[in-house]
Amino acid sequence: MPSATHSAIEAVWRIESAKIVAGLARMTRDVGLAEELAQEALVAALEKWPESGVPDNPGAWLMAAAKNRALDHFRHSKLIAAKHEEIGRESEEGFTPNFDANLEDDIGDDLLRLIFTACHPVLSTEARAALTLRLLCGLTTDEIARAFLVPEPTVAQRIVRAKRTLAEARVLFEVPRGEELGARLASVLEVIYLVFNEGYSATAGEDWTRPALCEDALRLSRILAELAPQEPEVLGLVALMEIQASRLHARTGPSGEPILLMDQDRSRWDHLLVRRGLSALERAEKLGGALGPYALQAAIAACHARARTLAETDWKRIVALYDALAQLMPSPVVELNRAVAVAMAYGPEEGLALVDAIASEPALRGYHLLPSVRGDFLEKLGRLDEARGEFERAASLTRNTREIRLLLERAAGLHPGLRVVK
Amino acid sequence: MRFMMLMIPKGYESAKPGTMPDPEAVAAMMKYNEDLQKAGVLLALDGLHPPSMGARVSFAGGKPKVTDGPFAEAKEVLGGYWMIQVKSREEAIEWAKRCPGSENEVIEIRQVQEMSDFDEKILPPKVRASAQAIGDRLARKSKKR
């Protein structure tokens, strides 16, 4: 097969797959089946296009191919049903596949339904993430496996089980309304941010960041913001991720080592993404969403983004924003971040007192950033022996090899009586 | 990865000042822009006034020399650009193919250089640092104002 056509098909698939799966899911009311049918259409394209060339409207071609397979499928299952004299069952459940609807008409609604279905709370977080990457970002099982550093069969099984769970729980292919909407939207945003974070600071493995995953998450969040333009938290998440992504290149040194926010070369921040992030945040705030959890986190990220130098950072405002965030979603991790801001605004003693107050939190047990932050405060206070111990402890708690190296280097750089002046 | 889709409309090199595209073409293009936006790939876009309203600064002999537009020697000029973020060069091409371009229009696709494309030789840390210092000074000035 000529590889040029193959790459062209891949590109078309990247653009069209979610829409095709979404359209088919509305038709069949079965997300699992819809994805299988879409895959069959892809296989057909892989067989035909290398000879016939890529059609003028490849999306319509794929949709038509998938739709034909759906018709075949239902004819076939109707035959089986007739044999078993169960033909009444389907109408009892009030469902007959809808083949006549113009799929292009409501493709936006279908996409939104697909997002809500793939991120349904009935599924585990891992299952939601895998299914979302598969159905909405068009990633292969192998790509998802590499993204999460798990074996391919594990991901394949996760997806099969997720589809089964959705079918068994009779999850409707619809956009939730009323009171349910808030919780369901939170579940969607959680999955997108999880995918982003897995790319932004990989929890395990050799690479500190995997930018491709960040781009997938950003793309999906931008799509969602177009589909649900009145939801401030969607814009808040977009803003947060745009601003965080603006630092992607500055977060890694020449040999792949992590560079923390305060040490980053700000000229390497991506100002196009910063601008996009700030404008999304502004829209979220105009919609009255300034105090949403993602909008607040975006506002904190925006404080850093606006400061051209570390010294210009408005740490007092950041402390205030963390205060609001801690009220909204009290968590030891938020407290830890707040302690860092407090230390910057009011001195390391203040920060250390806050960290010590939360040090025994069970949720922070084994969390490498706790000793890492504590070590930083102790170093600034000149308590170098204690600081070294904390950095070493932090190194023993993370699985990311780049981060381990960074922490051990920091520990090794501290000698009693020798104050490192930066 | 990021790509610029550069729109090159033949004839724009000699277009009169204030020339605007016809409303039908604008409507089709707006729809296309919307599709890019809805797909989450559009980062930025702009349309450019004709070169007859612009100027060129050349540096022959190491000295800047200004020439007002239109530029007699120009065979191809830009009419506008899109900046998109996509998975591959093929995806950028696929998006360009969907543009409702007219007979006289050509889209050139070019990958945007990332900071990481610049190794230490091209942009040594010293240069980077001085770029940062300029930014800092500007920031301080604008703050004082």
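This report walks through the two chains of a predicted model, taking chain A, then chain B, then the contact between them.

## Chain A at a glance

Chain A is built from 19 helices and two strands. Of its 422 residues, 45% are buried. Long-range contacts carry a good part of the count here: among contacts in chain A with a separation of 6 or more, 62% link residues 24 or more positions apart.

## The nonpolar core

The largest nonpolar core has 132 residues. The members that touch the most other members are A:Val21, A:Leu24, A:Ala66, A:Leu114, A:Ile115 and A:Ala298. Helix H1 of chain A, covering residues 3-28, supplies the largest share of this core, with 13 residues.

A:Leu114 is a handy place to start looking around. Leaving out residues up to four places away in sequence, A:Leu114 touches A:Ala18, A:Val21, A:Ala22 and A:Ala25, plus A:Leu135 and A:Leu136. One of those partners, A:Val21, is also on the list of core residues that touch the most other members.

## Two helices side by side in chain A

Now for a helix pair. Helix H9 (residues 179-200) and helix H11 (residues 232-245) of chain A pack with their axes 11 Å apart, at an angle of about 5 degrees. Angles under 35 degrees count as roughly parallel, so H9(A) and H11(A) are roughly parallel to each other.

On the H9(A) side, the residues that meet H11(A) are A:Leu185, A:Leu189, A:Ile192, A:Tyr193, A:Phe196 and A:Tyr200. H11(A) answers with A:Glu233, A:Val234, A:Leu237, A:Met241 and A:Gln244. By class, the residues of this contact come out as nine nonpolar, one polar and one charged.

## The sheet in chain B

Over in chain B, four strands make an open sheet in the order S2-S5-S1-S6, with antiparallel pairing. S2 and S6 (105-111) are the edge strands, each pairing on one side only. From one strand to the next, the twist averages 15 degrees.

S5 (residues 80-85) pairs with two of the other strands. With S1 (residues 2-9), S5(B) pairs in the antiparallel sense over six bridges, and B:Phe3 has B:Ile84 as its bridge partner there. With S2 (residues 42-47), S5(B) is joined by five bridges, again antiparallel; here B:Leu45 stands opposite B:Trp82.

A helix covers part of this sheet: H2(B) lies across S1, S5 and S6 of chain B and runs at about 160 degrees to S6(B).

## Where the chains meet

What does chain B bring to its contact with chain A? On each side, the tally is 22 residues: 22 of chain B are in contact with 22 of chain A. The elements of chain B that give two or more residues to this side are helix H1 (23-38), S2, helix H2 (89-97) and helix H3 (125-144). H3(B) gives the largest share, six residues.

The chemistry of that side is mixed, with seven nonpolar, seven polar and eight charged residues. Two of the contributing elements tie back to the sheet: S2 is an edge strand, and H2(B) is the helix that lies across S1, S5 and S6 of chain B.

Note on methods:
Residues are numbered from 1 along each chain as its sequence is written. Chains are lettered from A and ligands numbered from 1 in the order in which they are written. This is a predicted model: local features need pLDDT of at least 70, side-chain atom pairs count only at pLDDT 80 or more; totals for chains, interfaces and linings use all residues. A nonpolar core is a set of buried Ala, Val, Leu, Ile, Met, Phe, Trp, Tyr and Cys residues joined through C-beta atoms within 7 Å. A residue is buried if 20 or more other C-beta atoms lie within 10 Å of its own, exposed if 12 or fewer, and partly exposed in between; C-beta atoms are placed from the backbone. Two residues are in contact if their C-beta atoms, placed from the backbone, lie within 7 Å. Axes are lines fitted to C-alpha atoms, for helices over the stretch in contact, and angles run from 0 to 180 degrees between N-to-C directions. Angles under 35 degrees count as roughly parallel, over 145 as roughly antiparallel, 65 to 115 as roughly perpendicular and the rest as oblique. Ala, Val, Leu, Ile, Met, Phe, Trp, Tyr, Cys and Pro count as nonpolar, Asp, Glu, Lys and Arg as charged, and the others, Gly among them, as polar. Two strands pair if DSSP finds at least two bridges between them.
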